[in-house]
Amino acid sequence: MYKMLSYSVIALVAMAMVENAAAQSPIIIAASDTNVVLERDTLAEVVAVSPAAKRRMANTTIGAEKIEIKELAKMPVLFGERDLMKSIQLLPGVKSESDGSSGYQVRGGTSAQNLVLLDNAIIYNSGHLMGLFSTFNEEALTNATLYKGQIPAQIGGAVSSVFDISTKSGDMQKWHWGVGIGLLSAKANVEGPLVRDKASFLVTARRSYLDLFLKATEDYKDTKLNFFDVNAKISIRLKNNDDLAISYFQGRDNLGLKDIMSLKWGNQALSMRWFHVANDRLFSTTSAQLTNYKSSVTMTMLSTDYEMSGFVRHIGVQEMLTFLPNESHSMKLGAQSQIVVLRSAEWKINTLHEKEQRRAWQNDFWLNDDWRLGESFDISLGIRMNLFSALGGSPYYNIDADGNIADTLHYANGSIVHTYVTPEPRFSVKYKFGIHSSIKFGYSRTSQHIQAIRNSTSSSMPFDRYTMSSNIVKPQIANQFSAGFFKATSDEKYDFSLEAYYKNVDNMSDYKDGKTFYSEIEIERLLLTGKSRSYGLEFCAHKNAGRFTGWAAYTLAWSENKIDGIDGGRWYWASNDRRHDISIVAMYNLNNNWNFTAAWVYNTGQALTAPSAKYELAGQTYYYYAERNGYRAPSNHRLDVSATHTKKIEGRFERQLSLGIYNLYARQNPYMIMFSDDEESNSGTKAEQVALFSIVPSISYVIKF
């Protein structure tokens with residue numbers, strides 16, 4: 001098992017390089033037939049709480065999916081690791097990047113167009129071991145919401161989706177601890193009161209130990225292959241009307257192939273939030289965030305040493321007021337300011353040393369108004385104003401039509417090079433007819449200034465190059481329209497939804513033909529700019545009650561790009577275009593101890609670029625590609641199953657044993673398609689499919705106190 005994983009990860013790296021605590025009581029304010037809750041343990045703003053079916057019906061915001069963390073523990077897992085990021089891939093409109101990957105794509109967008117927030121701090125590349133595992137330890141989480149349609153005005157920075165994740169606070173009355181061990185990693189958590197009823201803490205930690213087993217093998221004893229992550233949170237109840245929370249997260253990966261290659265990446269995030277209740281109708285949230293994502297790659301080839309590193313750093317402050325004029329009306333007004341420092345790349349090739357670094361100042365202002373107009377009609381209106389200023393201190397360029405530098409521009413450190421002002425209106429309306437039926441319609445305009453440029457593949461990698469808006473690179477701007485019909489049975493045991501969407505994105509970037517992320521240090525010389533469009537239908541059916549629960553989701557989708565300089569400026573299928581996606585999840589509670597889960601997924605193969613011709617030069621074969629993404633990879637499907645046994649021990653301890661099988665019928669799903677010479681075929685070329693996983697059993701054991 002360990003040898004198989006090491007082969008998979010090593011191959012993946014090489015190929016890519018080549019190409020509430022319940023004790024804390026909330027403040028509850030009645031709002032018509034829904035409870036409006038200010039949760040102390042997450043210091044969240046006003047949120048709606050209700051049973052799953054009722055919540056999906058009652059939510060005015062279209063395309064918002066709340067993730068039930070408690071249900072996550074029941075999902076089939078890879079290598080015994082619970083994975084928040086993989087769980088959302090089972091939702092309609094959400095696709096996995098590849099087999100076994102934590103990367104996800106939403107409604108025709110790429111994973112680079114998603115924003116992941118952990119306690120309001122930005123997290124980049126949220127995957128361990130090249131995306132095989134999620135960065136997030138579920139023991140530290142309390143709730144999460146994926147916005148794939150209309151995004152609330154208080155959130156911005158992505159044109160595809162926002163995944164808003166909150167960590168839980170420690171218990172202010174009792175101590176708890178837990179330990180767990182799986183096939184590849186171990187974890188531990190502890191929480192409890194610092195001062196009873198006034199302050200608490202929570203710490204979770206996880207580390208893989210695959211490298212310890214590799215050291216016992218002759219072939220891989222010098223191979224590094226490990227990750228760790230740590231979550232810590234202190235919650236303080238300053239007085240009856242004030243709460244303070246300080247959260248810290250760090251995750252890091254280390255991969256190394258003897259003296260050939262070393263790859264390191266990771267996130268650090270610090271957030272502070274002060275929640276103040278002025279009166280029963282006015283609340284304020286003051287917060288500060290710090291994010292530091294960095295990656296580095298070193299490699300030795302043909303006696304030449306290569307090193308490339310980069311980072312993205314954010315530091316910002318935010319202030320938001322929540323005002324409740326009456327029981328059916330909620331308004332949010334806020335502002336945010338942050339400094340962004342981005343190093344696209346720093347190269348060291350023997351004695352050559354080049355780097356590209358940029359700075360920016362971003363300011364956002366927003367107003368969001370949620371209003372219930374009578375018993376049947378709800379509306380959410382929002383406007384966000386984004387001001388993004390590229391700052392001097394590093395060189396900027398003018399690029400000619402051939403991609404060469406026409407002028408090098410120098411600006412004083414901190415001076416404004418160019419400011420983009422982007423108004424972002426958003427709204428969602430819901431009309432309820434009868435008690436259990438509703439229709440919704442939404443529109444959202446969003447912008448994104450920081451872009452990850454993939455290396456000729458749809459999968460995210462820790463060494464993706466990042467760029468941000470400059471005098472040349474413009475922000476991506478998306479307009480999405482969505483509509484849906486929602487229906488629940490009278491007893492709410494079943495509910496159904498059907499949503500349609502259309503989204504277009506302007507100023508999206510892609511590499512020029514023949515260019516890759518290491519072709520030039522000046523990233524503007526590598527890129528072409530165009531637009532994309534995506535549209536589709538999403539259907540989902542839930543069973544919410546009884547011993548047998550679950551859901552079935554189906555997505556029919558199209559995604560296309562149009563970029564001058566690629567395929568003659570015609571529309572072509574995006575690399576993440578997949579026509580059909582199906583997810584079926586079944587959960588069965590046999591009794592208080594045993595729970596069984598099965599998940600079957602199917603999706604159409606992604607579009608790929610295959611050679612149209614080839615030629616030889618100096619004994620070397622070169623391929624000619626006439627059409628971008630004109631072919632299809634084989635379809636993907638697999639069945640995952642798991643069984644979990646939970647038992648109380650002497651009333652104080654809880655033991656949980658989980659057994660699972662990933663890819664039960666050993667489907668060889670394609671991860672990568674490679675082309676090579678084949679003299680026996682008519683074309684003289686053959687396609688070779690690379691699969692990462694066959695059947696993978698798993699086991700994990702957890703003890704909680």
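In this predicted model, strand β4 and strand β11 (residues 141–147) pair up in the antiparallel sense, with four bridges between them. Within that pairing, isoleucine 67 sits opposite alanine 144 of β11. The two strands are part of something wider: an open sheet of five strands, running in the order β4-β11-β12-β7-β8 and mixed in its pairing. At the edges are β4 (64–67) and β8 (121–123), each of which has a pairing on one side only. On average, neighbouring strands here are turned by 25° against each other, with direction ignored. As a reminder, strands in a sheet pair through backbone hydrogen bonds, and they can do so parallel or antiparallel.

Stepping back to the whole chain, the secondary structure adds up to five helices and 45 strands. The chain has 705 residues, and 55% of them count as buried. Its accessible surface comes to about 29500 Å², and carbon and sulfur atoms account for 57% of that.

Now for the charged side chains. Opposite charges on side chains can pair when the charged atoms come close, and a search of the whole structure turns up 24 salt bridges. One of them joins aspartate 364 and arginine 384, at 3.5 Å from N to O. Aspartate 364 belongs to strand β22 and arginine 384 to strand β23 (residues 377–391), so this contact ties together parts that lie 20 residues apart in sequence. Both ends are tucked away: aspartate 364 is buried, at a relative accessible area of 1%, and arginine 384 also counts as buried, at 2%.

Strand β22 turns up again in a salt bridge between glutamate 356 and arginine 465, where the closest N and O atoms are 3.8 Å apart. This pair links distant parts of the chain, with glutamate 356 in β22 (residues 352–373), arginine 465 in strand β29 (residues 465–468), and the two positions 109 residues apart. Glutamate 356 and arginine 465 are both buried.

The salt bridge between aspartate 242 and lysine 239 has its closest N and O atoms 3.9 Å apart, and its two ends sit in opposite settings. Aspartate 242 counts as buried because its relative accessible area is 3%, under the 20% cut-off. Lysine 239, on the other hand, counts as exposed because its relative accessibility is 53%, over the 50% cut-off.

Not every salt bridge comes as an isolated pair. Glu65, Arg107, Lys148, Glu499 and Glu538 are linked up in a network of them.

The surface has a nonpolar side to it as well. A nonpolar patch there is made up of Trp371, Leu373, Phe377, Tyr431, Phe433, Ile439, Phe485, Tyr494, Phe496, Leu498, Leu537 and Phe539, which together have about 1000 Å² of accessible area. Which strands each supply at least two residues of the patch? They are β22, β31 (494–511) and β32 (527–543). Strand β31 gives the largest share, with three residues. Leucine 373, one of the patch residues, lies in β22 and counts as partly exposed because its relative accessibility is 38%. Strand β22 thus shows up in both settings: it holds the buried aspartate 364 and it supplies residues to the nonpolar patch on the surface.

Definitions and conventions:
Residues are numbered from 1 along each chain as its sequence is written. This is a predicted model: local features need pLDDT of at least 70, side-chain atom pairs count only at pLDDT 80 or more; totals for chains, interfaces and linings use all residues. Side-chain values use heavy atoms; hydrogens and water are left out. Two strands pair if DSSP finds at least two bridges between them. Axes are lines fitted to C-alpha atoms, for helices over the stretch in contact, and angles run from 0 to 180 degrees between N-to-C directions. A salt bridge is a side-chain nitrogen of Lys or Arg within 4 Å of a carboxyl oxygen of Asp or Glu. Buried means under 20% relative accessible area, exposed over 50%, partly exposed in between (1.4 Å probe, protein chains only). Patches are made of residues with over 30% relative accessible area and no salt bridge: like charges are joined within 9 Å, nonpolar side chains (Val, Leu, Ile, Met, Phe, Trp, Tyr) within 5 Å. Accessible areas come from the Shrake-Rupley method with a 1.4 Å probe; for residues, only the protein chains shown count as cover.
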